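Hi everyone, thanks for coming. I'd like to walk you through a structure that may be new to you, so let's bring it up on the screen.

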Amino acid sequence: MMKTWKKIALALSAVLVVACNHDDDILPNKPKKPDAPNPPTQSILPKKELRGVWMATVWGLDWPRGEYNAESQKASYIAYMKALEKNNINAVFVQVRGRADAFYKSDYEPWCQYLTGEVDKDPGYDVLRFMIDEAHKRGIAFHAWFNPYRVATKKATDAAFPALDSRIPQAMMVDYKTIRMYNPALPEVRQRIFDIIKDLISKYDVDGVHIDDYFYPSLTAGETIKDEEEYKKYAPKDNNGKPTITIEEFRRNNVDLAVKGIHDVVQATRPEVVFTVSPAGNPDYNYNTMYADVVKWSREGWTEAIIPQLYFPMGNAATNFNQRLVWWSQYTFKNALFIGYGTYRFGDPKSPAAYQNASELAKQFAFASKYNKVTGSVLFSAKDLLNNPVDILSVIKDVYKQPAVLPYLGKQAATPPSTPTNVRANGKTLQWNGPDGAYFAVYRDNGAGKEVTTIAVTRQQEVTLTEAGTYFVTAVSKKDNAESQPTTPVKVN
């Protein structure tokens, strides 16, 4: 009998070993395995990676920071773009609609007051066009960041909300003690959000549409969500007229419909535009307070990338950076996973001790680098690159040593552009002819079986080199970052 049990135990062990080995291949949260050796004649391209920053404009936080003069605003923004370019950051997420206002001329909402100091005052230039152009000329992708529901806020509960712009229907509003917002329970609110996003991506060459972690409000003590009437009216009902879902399920469905609708309107209007969401790092908070079922959105493919805000220190508690990263890496399915880093916490005396030293950021980056699922990072927020609290730039410069090509984020099979032609050296300048609709990556070959060095990612068709070597070029589609085959290498003396 004992021998029989031993045989059964051995058989089960074998099954478990096979299952575990299989999980290593399919589960997204397993640490990276050593790469298989490449053929000795093949060079190795670096991993594709999104490196972004959030630029908050509500209350002028990152930009324009109280600058109401167009030339000063432009100079300030260009300084940001130069800082991003210098530190090999290839994406910026700019808040173009922070609270039912706009950083562009809109038929739906007023000009943002943080541009001029006055609500709906034309700043005298095409702000969004300028911002996109300055990013693109430096090879930086521009993602338009929307807050879908927020309209106005106030600090004192007994204060009045500002006057509502005449273009915004009062019937779509719901007021709480400190926040006025578009009512998430109304179908016409969702349609308005879709129309606003379609309007913007039709007019402007943005690379992405982005929404953050504000869905249903996190209310003050004693407040409850005001949606009983909408629940009675819009929730599905049985034959007796009784709702067949709970009010919590109703709320989550309302946000589901908004997220899916944004995805659908982007796909129908400009499918090359990437749709990303940056939920709070705590999944329970998202699900039970924000009524945001992020796991469902990921599973259904309603987003291209999830960027959880992992603004916690490393540690062993469930709320810490590493524990949260492991969780998110398991539940983003076919979506790309970028990590949101809370650089704003560094040097803040109210932050934990870990945030008083830049080594914490280095540890977080090092931990994330162990996971194949993680293909990018976004820093909150842009002003930290200029203020450099506790010398976090030393870590960022070390992690982002070389430029990086953005990862492929398309939903369909990649269709790479044609390979550049006529690659030639003119002294220390490398030149080529490239296809339309592409940007370009320039690599230095380091020998067979070795990873190449990324020299530049550019929208130009030439680059000035600083040292001799063997170089080649690829074309990368502006549409979805699909990369061509490399050109024949060229020696530069």
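Let me start with a small puzzle: is Lys121 buried, partly exposed or exposed? Lys121 is partly exposed, because its relative accessible area is 39%. The scale here is that buried means under 20% relative accessible area, exposed means over 50%, and partly exposed is in between, using a 1.4 Å probe and protein chains only.

A word on what you are looking at. This is a predicted model, where local features need pLDDT of at least 70 and side-chain atom pairs count only at pLDDT 80 or more, while totals for chains, interfaces and linings use all residues. Residues are numbered from 1 along each chain as its sequence is written, and side-chain values use heavy atoms, with hydrogens and water left out.

Back to Lys121. Its side chain meets that of Glu118 in a salt bridge, 3.8 Å from N to O. By salt bridge I mean a side-chain nitrogen of Lys or Arg within 4 Å of a carboxyl oxygen of Asp or Glu. The partner, Glu118, is partly exposed too, given its relative accessible area of 44%.

By that rule, the count comes to 23 salt bridges. One of them pairs Lys48 with Glu483, with the closest N and O atoms 2.8 Å apart. This pair links distant parts of the chain, 435 residues apart: Lys48 is in the loop between helix H1 (2-26) and strand E1 (50-55), and Glu483 is in the loop between strand E17 (469-477) and strand E18 (490-492). As for those labels, helices (H or I, at least four residues) and strands (E, at least two) are DSSP runs, numbered from the N terminus. Lys48 is partly exposed at 22%, whereas Glu483 counts as buried at 16%.

Asp175 and Arg180 also meet in a salt bridge, at 2.9 Å from N to O. Here Asp175 is partly exposed, with 25% relative accessible area, and Arg180 is buried, with 10%. There is a network as well: salt bridges link Glu85, Glu134, Lys137 and Arg138.

Now for the overall layout. The chain is divided into domain 1 (50-400) and domain 2 (421-492), with bounds that come from an automatic or database domain assignment. Their C-alpha centres lie 34 Å apart.

Please find the barrel next. It is closed by 8 strands in the order E1-E2-E3-E7-E8-E9-E10-E11, with parallel pairing. Two strands pair if DSSP finds at least two bridges between them.

Let's zoom in on strand E7 (residues 208-211). On one side, strand E3 (residues 141-146) runs parallel to E7 and is joined to it by 4 bridges, with Ala144 opposite Val209. E7 also pairs in the parallel sense with strand E8 (residues 274-277), again over 4 bridges, and there Gly208 stands opposite Val274. In a regular strand, side chains alternate between the two faces of the sheet. In E7, Gly208 and His210 point one way, Val209 and Ile211 point the other way, and all are buried.

Which residues are closest to the centre of the second largest pocket? First, its volume is about 370 Å³. Of its 19 lining residues, the closest to the centre are Glu85, Arg138, Ala456, Val457 and Thr458. You may remember Glu85 and Arg138 from the salt-bridge network. On a 1 Å grid over the protein atoms alone, a pocket is an open set of points where a 1.4 Å probe fits, with protein on both sides within 12 Å along at least five of seven lines; lining residues have an atom within 4 Å of a point. The volume is the space filled by probe spheres set on the points, which are joined across faces, edges and corners.

Each domain gives at least three residues to this lining, and E15 (453-458) gives the most, with 4 residues.

Finally, some backbone details. Most residues other than glycine have a negative phi, and most peptide bonds are trans. Yet a cis peptide bond joins Trp63 and Pro64, with omega about 5 degrees, and another joins Phe380 and Ser381, with omega about 10 degrees. Tyr291, although not a glycine, has a positive phi of about 55 degrees. Tyr291 sits in the loop between helix H7 (283-288) and helix H8 (294-300) and is buried, at 8%.
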